[in-house]
Amino acid sequence: MRSCQRLKSRLLLLRVSTARLRLTYQQGILRGLTLLTISAAWIVIGHIESAFGNPGGITNIFKPLSQPAQEIKEVSLLVIAICTTIFLIVAGLLVYTIVRYRHRAGDEASEPPQIYGSNQIELAWTVLPILIVFVLILVTSRTIADIQNRKPASDAVHATVIGHQWWWEIRYPKLGIVTANELHVPASSNNNREPTFLKLESVDVAHSFWVPQLAGKTDVIPNRENRMWIEPTQPGTYLGNCAEYCGTQHARMLIRVIVHPPGEFERWVAEQKRVATEDPGALEGRTVFFANSCVSCHTIRGTSAQGLFGPDLTHLMSRETLASGATPNTPATLRAWIRDPQQLKVGCLMPNMQLTDKEVDQVVAYLLTLK
Ligand code: CUA
């Protein structure tokens, strides 16, 4: 008799503790859900904020100004819309269930009805997701095919973009131009479609070429050629950056795409094709430059400097920035850079050449003539 009573009281205790467990489990789900919603909102707001917070909004993925970025945005919005709808339905049902069927006094005595094997429910949650995934696959593959199958016209501009730690070498094989960190392309218009086709290569590690308003990311992989194209229609400067961690100065591996209005691209090409001008006023700096190991890394066309490790300096002063966008290209920053590149960009492959102040001034005076 006593043992029977003890068993009864134990069973009651067990029921109470499972009920409590259920309660903490529900609270856990609620807390998890709240946390998930807050972090999702934080990420979304953070992204939109950083995209819109930029003066001029030039890295805004929501404001594409070129194909294929426009097409990618449309697919992304569709995917976001479908996923948001699913999230809202699932999260809504979950919250409803948690609130509606929360623990109530007197629940211990009974179990909720148990339902097994409902064909309708099982069919619904199998067929519906398959249909959704199928729609997403079709739309995505059509966009990918559209982008990948674009064929260059015979007179299209081709450029090879080569990733280095931590700068971009840009070559126009057909035009005989080599430059760095600033990709110049013609603007495309309805009556004159002018997409620029890019070949992407790397000489060291994996990088990724990304100019958000123009196109999606494309990886830049050693021993592999990747291809992409851009077709901006609005002249201007578009900012991008390396989107694959590639070492110490990954964050300062910026790229600028300069889109020229009709006619101006040809003028830029003509200027870049010229060999370096020789200014007799900069003879001393030229002597210092050629007496040091600068020549083993840099090319200045029209001179004996034919190094290939660093950026081509033939038209250095035509560029807006130094050190792959790390700083604007002004006489003062150029001087600081020559004085000690490691101060401006720690870890970059250009060493401090240990030049005297006078020599630095002379080299800067020489480089300023490379327009
Ligand atoms: Cu190159 Cu990151």
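## Pro328 and strand β13

Pro328 sits in strand β13, which covers residues 327-328. This is a predicted model. Pro328 is exposed, because its relative accessibility is 51% and the cut-off for exposed is over 50%. Setting aside neighbours within four places in sequence, Pro328 contacts Glu320, Thr321, Leu322 and Thr333.

## His260 and strand β11

His260 belongs to strand β11, residues 254-260. His260 has a relative accessible area of 8%, so it counts as buried. Residues up to four places away in sequence are not counted in what follows. His260 touches His184, Val185, Pro186 and Ala187. It also touches Pro235, Phe265 and Trp268. Of these partners, Val185 and Pro186 are numbered within strand β5, which spans 182-186.

## Overall make-up

The protein has nine helices and 13 strands. Of its 371 residues, 36% are buried. Take the contacts with a separation of 6 or more: 62% of them join residues 24 or more positions apart. The accessible surface comes to about 22300 Å². Carbon and sulfur atoms account for 63% of that surface.

## Helices α2 and α3

Helix α2 runs over residues 69-100. Helix α3 runs over residues 119-148. The two pack at an angle of about 170 degrees, and their axes are 10 Å apart. That angle makes α2 roughly antiparallel to α3, because the label applies to angles over 145 degrees.

On the α2 side, the contact is made by Glu71, Ile72, Val75, Leu78, Val79, Ile82 and Ile86. On the α3 side, it is made by Ile132, Leu136, Val139, Thr140, Thr143, Asp146 and Ile147.

## A nonpolar patch involving α2

Ile80 is also in helix α2. Its relative accessibility is 46%, so Ile80 counts as partly exposed. Ile80 joins Ile61, Phe62 and Leu77 in a nonpolar surface patch. The patch measures about 330 Å².

## Helices α5 and α9

Helix α5 covers residues 283-291, and helix α9 covers residues 357-367. Their axes come within 7 Å and cross at roughly 105 degrees. That makes α5 roughly perpendicular to α9, because angles of 65 to 115 degrees earn that label.

The α5 residues at this meeting are Glu284, Gly285, Arg286, Val288, Phe289 and Phe290. Facing them in α9 are Glu359, Gln362, Val363, Tyr366 and Leu367.

## Cis peptide bonds

Gln67 and Pro68 are joined by a cis peptide bond, with omega about 0 degrees. Pro68 is in the loop between β1 (66-67) and α2.

The peptide bond from Gln165 to Trp166 is cis too, with omega near 0 degrees. Here the bond does not lead into a proline; the residue is Trp166. Trp166 lies in the loop between β2 (157-164) and β3 (167-172).

## Positive phi outside glycine

Asn181 is not a glycine, yet its phi is positive, at about 65 degrees. Asn181 lies in the loop between β4 (177-180) and β5 (182-186). With a relative accessible area of 6%, Asn181 is buried; the cut-off is under 20%.

Gln354 is another residue other than glycine with a positive phi, near 55 degrees. Gln354 lies in the loop between α8 (341-344) and α9. At 63% relative accessibility, Gln354 counts as exposed.

Conventions: Residues numbered from 1 in each chain as written. Predicted model: local features only at pLDDT ≥ 70, side-chain atom pairs only at ≥ 80, totals over all residues. Heavy atoms only, no water. Patch = residues over 30% accessible without salt bridge, like charges linked within 9 Å, V, L, I, M, F, W, Y side chains within 5 Å. Areas by Shrake-Rupley, 256 points an atom, 1.4 Å probe, with all protein chains shown as cover. Salt bridge = Lys/Arg side-chain N within 4 Å of Asp/Glu carboxyl O. Helix = DSSP H or I, 4+ residues; strand = E, 2+ residues; numbered from the N terminus. Buried < 20%, exposed > 50% of the residue type's maximum accessible area, 1.4 Å probe, protein only. Contact = heavy atoms within 4.5 Å. Axes fitted to C-alpha atoms, helices over the stretch in contact; angles between N-to-C directions. Parallel < 35°, antiparallel > 145°, perpendicular 65-115°, else oblique.
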